[in-house]
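Biologist: I would love a close look at one part of this chain, and at how that part sits against what surrounds it. Could you walk me through one helix and then work outwards?

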Amino acid sequence: PVLLQIAQKNGASKADLVKMIKMQIEKAPKSAGLHIILGNLYLGDNQLQEALAAYNIAQSIDPNEPQPY
């Protein structure tokens, strides 16, 4: 929620934030944290299949991540 609040404060929508995170993932596809952030954004928008897919990618990148879900 903090990222969303910052983005909205700067005039960005949730869709804009998803796009920004996806662009960062393109630059750093092995970042479990970015995939978790993306999953959280999807979850917050009730896009459960997309959230689960992002979390699964995060877990496959870093199985030791304490909170991929």
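**A close look at helix α4**

Modeller: Happy to, and please keep in mind that this is a predicted model. Helix α4 runs over residues 48–61, and its 14 residues reach 20 Å from first C-alpha to last, close to the 20 Å expected at 1.5 Å a residue. Its buried residues are Ala51, Ala54, Tyr55 and Ala58. These buried residues span an arc of only 95° around the axis, so they sit on the same side of α4. The spacing has a simple background: an α-helix has 3.6 residues a turn, so residues three or four places apart point the same way. On the other side of α4, you will find Gln49 and Ser60 exposed.

What lies over that buried side? Among the elements that cover the buried residues of α4 is α3, residues 32–44. The axes of α3 and α4 come within 8 Å and cross at roughly 165°. An angle over 145 degrees counts as roughly antiparallel, and therefore α3 and α4 are roughly antiparallel to each other. The crossing in which α3 passes α4 is left-handed. From α3, the residues in contact are Ala32, His35, Ile36, Leu38, Gly39, Asn40, Tyr42 and Leu43, and they meet Leu48, Glu50, Ala51, Ala54, Tyr55, Ile57, Ala58 and Ile61 of α4. Buried Ala51, Ala54, Tyr55 and Ala58 are thus listed among the α4 residues that meet α3.

Between these two helices there is a loop, and Asn46 has its place there. Asn46 has a positive phi of about 60° although it is not a glycine. With a relative accessible area of 60%, Asn46 is exposed.

Now let us step across to the next neighbour of α3. Helix α2, residues 14–27, packs with α3 at an angle of about 160°, and their axes are 10 Å apart. That angle makes α2 roughly antiparallel to α3. Here too the crossing is left-handed, as α2 passes α3. On the α2 side, Lys14, Leu17, Val18, Ile21, Lys22, Gln24 and Ile25 take part, meeting Leu34, His35, Ile37, Leu38, Leu41, Tyr42 and Gly44 in α3. If you compare the lists, His35, Leu38 and Tyr42 of α3 appear in the contacts with α2 and also in those with α4.

Helix α2 itself can be read in the way we read α4. Its 14 residues should span 20 Å at 1.5 Å a residue, and its end C-alpha atoms are 20 Å apart, which agrees. Leu17, Val18, Ile21 and Ile25 are the buried residues in α2. They cover an arc of only 100° around the axis, which places them on the same side of α2. Lys19, Glu26 and Lys27 are exposed on the other side of α2. Ala15 also lies in α2 and, at 47% relative accessibility, counts as partly exposed. From Ala15 to Tyr42 is 27 residues in sequence and 9.8 Å in space, C-alpha to C-alpha.

Finally, the whole chain. It has 4 helices and 0 strands, giving the pattern α-α-α-α along the sequence. Of its 69 residues, 29% are buried. Among contacts with a separation of 6 or more, 30% come from residues 24 or more positions apart.

Key. Residues are numbered from 1 along each chain as its sequence is written. This is a predicted model: local features need pLDDT of at least 70, side-chain atom pairs count only at pLDDT 80 or more; totals for chains, interfaces and linings use all residues. Side-chain values use heavy atoms; hydrogens and water are left out. The expected span of a helix is 1.5 Å times one less than its number of residues. Buried means under 20% relative accessible area, exposed over 50%, partly exposed in between (1.4 Å probe, protein chains only). The arc is that of the directions from the helix axis to the C-beta atoms. Contact means heavy atoms within 4.5 Å. Axes are lines fitted to C-alpha atoms, for helices over the stretch in contact, and angles run from 0 to 180 degrees between N-to-C directions. Angles under 35 degrees count as roughly parallel, over 145 as roughly antiparallel, 65 to 115 as roughly perpendicular and the rest as oblique. A crossing is left-handed if the near helix is turned anticlockwise from the far one by less than a right angle, and right-handed if clockwise.
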